[in-house]
Structure formats: C-alpha cells, structure tokens
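User: I'm new to reading protein models and would like a close look at one part. Could you walk me through the aromatic ring pairs, and then show me what else sits around the helices they belong to?

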Amino acid sequence: MADACGQILLGSGLTVLSHPLMYIKVLIQVGHEPLPPSLGRNLFGRQVHQLPGLFAYAKHIIQIDGKAGLFNGLVPRLCAGSIGTIVHSKVLQKCQEQGTPQVLGGQQKAVEGSLQHVVNETTKEMIARSCATVVTHPFHVITLRCMVQFIGRETKYSGVFDSIFTVYREEGILGFFAGLIPRLLGDVLSLWICNLLAHLINTYAIDDSMSHTGEIKNCSQAVTGFFASMLTYPFVLVSNLMAVNNCGLSGGLPPYASVYPTWVDCWRHLSREGNMSRGNSLFFRKLPAGKMYAVDQKRFF
C-alpha cells in the first residue's frame, strides 16, 4: 500500500507538470489552429512558414483563460491516474502471486532474460495495463472533452460528477468508452514492440562483458519505448478524436471533424487526408501539404 501511495503521489505530480503539454497536444489533434502560420527557421536554419509551437499556443491560451486555463481537465485526469495506478498494481500483484499466465514454457520457470521470461512478463503487464485502461477510460473521455471545450467556449463539462451525468444522459454507458478500442490496441502494440525490441537488442547487440551493461540496457529500453510510441501514435490520435466525436462540442463536429460511425472510418479519413501524425510534434510544426488556412474557422481545410 505504501508503494502504491508513493506511485500515486509521484504520478500526480508528473501529471500536473505535463498537463499543459497534453492540453495543447489534444487541441492540435482535433485540428484547432487559433494562430496563423508565421515565418520561422527549421532545424537547418532555412526560413520556412511554420505553425505556432508549444509556447506560442500556451501564450494564446493564457491570454484568453489565464494561467489556470492551461489546466482544464486536470481533475478527471488525476482521478484516472490515481485509480489506474491502484488497479494496475492490484492486477499485476495478482498475476505474480498466481504465477499466471505462462504463455511460453508451461509450468517450467523461465530463466530471467530469456525470451520465455520476456513474453510471460509482458503478458502479465499487458493484462494489468488493459484492466487499468478500461477502468479509467471514462475519466479519460471526460478529460478530453473538458479540454476540447476551449474551441467553442462551451461549459458543458464543468466538473467530474456533472460530466458523468451529462455523458450518461446523452450517450448512455457506451459514451464512457468512446475511443477505447484504438487506445487498447495502441497500448498493447506499444508494450509488445518495446519489450521485444529491447530483448533483441539486449541479447544480440549488447555484450554482457561490456562495462556499464545495466545502464546500456536501460537506455535501450527507453529508446525502444520511444520508437514504439512513435509507431503506435495513430492509435492515440484516433482514440482521442473518437472520444470527442459527435459529443455536442464544436471540436467534435464539422467543420473540425466529420461524424465518424466507427474508429475505422476515422482512421481511413485521417489516412486519406495525410493527418495520421497530427499533433505528434509541438515544435517545428510544418504546414500541412496542400491545405489552406481558414482565419475565421481557425483551422486548415
């Protein structure tokens, strides 16, 4: 319990610090561009037209809502983080105590560092993460909708309990799980890609006789984690868009977004428009190819 409390406190602190970044990323993901492109320089020093980055976007939000405006949706996100930490810890502990599931090797104990051990441990982690994601997804949906309200200056989702009643009244139970499937798929794929790639690198590219082997393996885990998150980013984008799609907010309705019957339709539309990486970068944001900026609508079309 003490470990869980420590994880919750640490996670809450990191959530508060990172919340403005997520807030701005979500607004960019739904296509809200309140500031027109400006002339800047890319990584190579060439003058190019760029979209406003993190700091310019944050300054714009502060001018409208003040500094507190950067933390819209923080409370439900903190709830999701705290509950998710507890659920993940309990489920993972249960899996470890029962010694199941053993995907490879049957009842035989796997040697630490072997492929069998990596697969078995990753399976347990996948189950724990998936359970935490399902349980906390309603809070994730409310968080996103609190953020997207900035676009139309709505106040439909003003608190955790009021938001719960609003979602249930308008969409029923299924409304709490909008965008869940692509989010689960992205989490699972990211976890497996990260752990299997790290295992391959640690096994075949790193010699145990090398100095600082432990630090190198930790570094490889971080690098593969970043690579996996880049590969699975489209699932994150589609999940977030589906969570706010057709929910009565301006950011989830035309002209910002089409009304998608399923997340597959959303994926296909984004892929066709070349927007699968929208919101992936908060710096050096290049203009979308073949798009025009609509000043009145504050978006590209």
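Analyst: Here is a walk through the aromatic pairs, followed by the salt bridges, a surface patch and the main pocket.

Keep in mind that this is a predicted model. To get your bearings, the protein has 9 helices and 5 strands. Reading from the N terminus, the order is α-β-β-α-α-α-α-α-α-α-α-β-β-β. Of the 301 residues, 41% are buried.

Now for the rings. A pair of aromatic rings is described by how far apart the centres are and by the angle between the planes. How many aromatic pairs does the count come to? It comes to 4. One of them joins F55 and F283, with ring centres 5.9 Å apart and planes at 55 degrees, so this pair is tilted. Why "tilted"? Planes under 30 degrees apart would be stacked and planes over 60 would be edge-to-face, so 55 falls in the remaining class. This pair also links distant parts of the chain: F55 sits in helix α2 (residues 54-65), while F283 sits in the loop between α9 (263-273) and β3 (285-286), 228 residues apart. Is F55 buried or exposed? F55 is exposed, at 62% relative accessible area, whereas F283 is partly exposed, at 41%.

Next come F235 and W267. Their ring centres lie 4.9 Å apart, and with planes at 55 degrees this pair is tilted too. Here F235 is in helix α8 (residues 233-244) and W267 is in helix α9, with their positions 32 residues apart in the chain. F235 is buried, its relative accessible area being 14%, and W267 is partly exposed at 26%. There's a third ring to add to the picture: F235, W263 and W267 make up one aromatic cluster.

Let's go back to helix α2, where charged side chains come in. The salt bridges number 6, and one of them is between D65 and R153, at 2.5 Å from N to O. D65 belongs to α2 and R153 to the loop between α4 and α5, so the bridge ties together parts that are 88 residues apart in sequence. Both partners are partly exposed: D65 has a relative accessible area of 26% and R153 has 46%.

Other salt bridges stay inside one helix. E121 and K124 pair up with their closest N and O atoms 3.6 Å apart, and both are in helix α4, 3 residues apart, or about one turn. E121 is partly exposed at 29%, while K124 is buried at 4%. Also in α4, R129 and E125 form a salt bridge with closest N and O atoms 2.8 Å apart. They are 4 residues apart, again about one helical turn. R129 is partly exposed at 37%, but E125 is buried at 17%.

On the surface, V134, Y168, I173 and F177 form a nonpolar patch with about 370 Å² of accessible area together. Y168, one of these, lies in helix α5 (residues 160-171).

Finally, the empty space. The largest pocket has a volume of about 1,600 Å³. Its lining counts 43 residues, and M22, R77, H140, R183 and D187 are those nearest its centre. Helices supplying at least two lining residues each include α4 (115-152) and α8, which you've already met, along with α1 (2-29). Which helix gives the largest share of the lining? That's α1, with 12 residues.

How values were computed
Residues are numbered from 1 along each chain as its sequence is written. This is a predicted model: local features need pLDDT of at least 70, side-chain atom pairs count only at pLDDT 80 or more; totals for chains, interfaces and linings use all residues. Side-chain values use heavy atoms; hydrogens and water are left out. Rings of Phe, Tyr and Trp (its six-membered ring) pair if their centres lie within 6.5 Å; planes under 30 degrees apart count as stacked, over 60 as edge-to-face and the rest as tilted. Buried means under 20% relative accessible area, exposed over 50%, partly exposed in between (1.4 Å probe, protein chains only). Patches are made of residues with over 30% relative accessible area and no salt bridge: like charges are joined within 9 Å, nonpolar side chains (Val, Leu, Ile, Met, Phe, Trp, Tyr) within 5 Å. Accessible areas come from the Shrake-Rupley method with a 1.4 Å probe; for residues, only the protein chains shown count as cover. A salt bridge is a side-chain nitrogen of Lys or Arg within 4 Å of a carboxyl oxygen of Asp or Glu. On a 1 Å grid over the protein atoms alone, a cavity is a set of points where a 1.4 Å probe fits but cannot get out, and a pocket is an open set with protein on both sides within 12 Å along at least five of seven lines; lining residues have an atom within 4 Å of a point. Grid points are joined across faces, edges and corners, and a volume is the space filled by probe spheres set on the points.
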